[in-house]
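Got the viewer open and a selection box ready? Let's walk through this one stop at a time.

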Amino acid sequence: RGIEGSLALLTTSIRNVPARHRSMAVVFASIWQRLDDDEQRLLRRMAAFQDGCTRSAAASIGDVPDTVVNTLVDKALVRCCGERLVMPKLLYRFALEQLRAKPGELAETLQRHSSYCTALLQRHPRAGGQDLVQSAGADLDSVRAALHYAKTTPELRSVAEAIEKCG
């Protein structure tokens, strides 16, 4: 986890620094307040994807207009890396904290994330072993996270079935 593990570590006690600049948590909170509801919702929900996601994944989990992704890119809160949308790690941690602070939305987001990952696996029904790793590609960590979540919810059946078809 290191320095990215906690925003609380990134603070200063220097007296001549304005309060709004004394910690990364305060900086992100200030930025967060300037975002509209859709922008906040999409950033929170994108935090379900540890290593970024595609635009289609953001659309499936976000439940916001398509233009919101472009707005977040324009504001430099999300960057395009090839076909993936990626949040800076510190912003990801902040967005994840915001998501965890909303239990109802967290449950809905994890359900949507799990459903997205299930559909991703179902598109590769014959993949197994290394082929599965390659077909999941950059989404492998998301698939693992969905499986972990599915162990505690009814969604387990569809995720397990998708994995069984891949193996």
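**Stop 1: the cysteines**

Taking a disulfide as a pair of cysteine sulfur atoms within 2.5 Å, the count here comes to zero. Before you go on: this is a predicted model, where local features need pLDDT of at least 70 and side-chain atom pairs count only at pLDDT 80 or more, while totals for chains, interfaces and linings use all residues. Residues are numbered from 1 along each chain as its sequence is written, and side-chain values use heavy atoms, with hydrogens and water left out.

Select Cys81 and look for the closest cysteine sulfur: that one belongs to Cys80, at 7.6 Å, which is too far for a bond. Cys81 is partly exposed at 34% relative accessibility. The scale for that is relative accessible area with a 1.4 Å probe and protein chains only: under 20% is buried, over 50% is exposed, and partly exposed is in between. Now click Cys53, which is buried at 0%.

**Stop 2: the sheet**

Switch to cartoon view. Helices (H or I, at least four residues) and strands (E, at least two) are DSSP runs, numbered from the N terminus. In what order do the three strands of the open sheet sit? They go β1-β3-β2, with antiparallel pairing; two strands pair if DSSP finds at least two bridges between them. At the edges are β1 (53-54) and β2 (79-81), each with a single partner strand, so one side of each has no neighbour in the sheet. As a reminder, strands of a sheet pair through backbone hydrogen bonds, either parallel or antiparallel.

Zoom in on β2 and β3, which are joined by three bridges. Select Cys80 there, and you can follow its bridge across to Leu85 in β3.

Next, pick Thr54 in strand β1. Thr54 is buried, at 17% relative accessible area. Show side chains and you'll find a polar contact, 3.0 Å, between those of Thr54 and Ser56. (A polar contact is a pair of N or O atoms within 3.5 Å; within protein, one must be able to donate a hydrogen and the other to accept it, and residues adjacent in sequence count only if both atoms are side-chain atoms.) Skipping residues up to four places away in sequence, Thr54 touches Glu83, Arg84, Leu85 and Tyr116, where contact means heavy atoms within 4.5 Å.

**Stop 3: Ala58**

Move to helix α3 and select Ala58. What surrounds Ala58, leaving aside neighbours within four places in sequence? The contacts are Leu42, Met46, Cys53, Val69 and Leu85. Ala58 is buried, with a relative accessible area of 2%. Put a distance label between the C-alpha atoms of Ala58 and Leu85: they are separated by 8.3 Å, with the two positions 27 residues apart along the chain.

**Stop 4: helix α4**

Select residues 67-74, which make up α4, and colour its buried residues: Val68, Val69 and Leu72. Why do these sit on the same side of α4? They cover an arc of only 105° around the axis, the arc being that of the directions from the helix axis to the C-beta atoms. The buried residues of α4 pack against α2 (37-46), α3 (55-62) and β3 (84-86). Rotate to the face turned away from the buried side, and you'll meet the exposed residues Thr67 and Asp74. After α4 comes Ala76, with a positive phi near 65°.

**Stop 5: the salt bridges**

A search of the whole structure turns up eight salt bridges, each a side-chain nitrogen of Lys or Arg within 4 Å of a carboxyl oxygen of Asp or Glu. Start with Arg44 and Glu105, whose closest N and O atoms are 2.9 Å apart. Arg44 lies in helix α2 and Glu105 in helix α6 (residues 103-122), so this pair ties together parts 61 residues apart in sequence. Arg44 is buried at 7%, and Glu105 is buried at 12%.

Then select Asp63 and Arg112, which meet in a salt bridge at 3.8 Å, N to O. Asp63 is in the loop between α3 and α4 and Arg112 is in helix α6, so the pair links parts 49 residues apart in sequence. Asp63 is partly exposed at 48%, and so is Arg112 at 25%.

Keep Arg112 selected and add Glu108: another salt bridge, at 3.1 Å. Both lie in helix α6, four residues apart, about one turn of the helix. To finish, select Arg44, Arg45, Asp63, Glu105, Glu108 and Arg112 together: salt bridges that share partners join them into one network.
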